[in-house]
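Hi,

Here is the structure I promised to pass on. Have a look at it first, and then read my notes below.

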Amino acid sequence: MIDLITKGLPDTVTIGGEPFLIETDFRPWMRFCDEFEMWDQKQNLNVSYLFADEIPHISTAEDMQAIIGFAYPPATVPKSGGGDGSRVLDYRIDADYIYSAFLQQYGIDLTETGMHWHKFRALLNGLSGATKLHEIIGYRCYSGDDKEYKRLREMWALPVKLSAADVQTVQDFEAYFE
């Protein structure tokens, strides 16, 4: 969340009581969010690409929480999500729609600009209903009984992401029948 009372945006995270300079451009943080959603917590999550120079030793949940807090800054409103917790946006799958929405609404070509992750998120959150991305997210969030909207929700649904352990289980199962 952007704090307009203070000047500037954060460029560090505090891990083990020490501030560490981070990459603030939106691209590595999109990657992190994608990888974080897949993380099964049984393995280490490589976050070295998020740091600008010195890479901290991340050994506790609190250390990881500092990174997660930067990636997903807490919002004061809305007070309740109201949703079922399912994903409504995937930075890779929806890349074309994110790109076109930023170009359409803000005149920003995301392939030709760098942007702080918190600015990117604020602009993404502020997209109007006139963008295709907003329309798609609306379909994914729909929970009513209208048959046409249910059809559109299914049509635009994101694929279920499997953890590394789940992928291995599927591969083992398929190998059994070879």
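**The hairpin and the surface**

β1 and β2 make a hairpin that has two residues between its strands, and Gly16 in the turn shows a positive phi of about 60 degrees. Keep in mind that this is a predicted model. The two strands run antiparallel, with four bridges joining β1 to β2. Across the pair, Ile15 stands opposite Glu18 in β2.

The side chains of β1 (residues 12-15) alternate. Val13 and Ile15 point to one face and are buried, whereas Thr12 and Thr14 point to the other face and are not buried.

Glu18 turns up again on the surface, where Glu18, Glu23, Asp53 and Glu54 gather in a patch of negative charge. Of these, Glu23 sits in the loop between β2 (18-21) and α1 (26-38). Its relative accessibility is 34%, so Glu23 counts as partly exposed.

There is a nonpolar patch on the surface too: Phe173, Tyr176 and Phe177 form it, and together they have about 440 Å² of accessible area. Tyr176 belongs to helix α7 (residues 164-176). With a relative accessible area of 66%, Tyr176 is exposed.

One more spot to look at is Ala130, in the loop between α4 (117-125) and α5 (132-141). Is Ala130 buried or exposed? Ala130 has a relative accessible area of 58%, and exposed means over 50%, so Ala130 is exposed. Ala130 and Phe36 are 94 residues apart along the chain, and 30 Å separates their C-alpha atoms.

Cheers

Note on methods
Residues numbered from 1 in each chain as written. Predicted model: local features only at pLDDT ≥ 70, side-chain atom pairs only at ≥ 80, totals over all residues. Heavy atoms only, no water. Buried < 20%, exposed > 50% of the residue type's maximum accessible area, 1.4 Å probe, protein only. Patch = residues over 30% accessible without salt bridge, like charges linked within 9 Å, V, L, I, M, F, W, Y side chains within 5 Å. Areas by Shrake-Rupley, 256 points an atom, 1.4 Å probe, with all protein chains shown as cover. Salt bridge = Lys/Arg side-chain N within 4 Å of Asp/Glu carboxyl O. Lys, Arg positive; Asp, Glu negative; His and termini not counted. Charge placed at Lys NZ, Arg CZ, Asp CG, Glu CD. Pairing = 2+ DSSP bridges.
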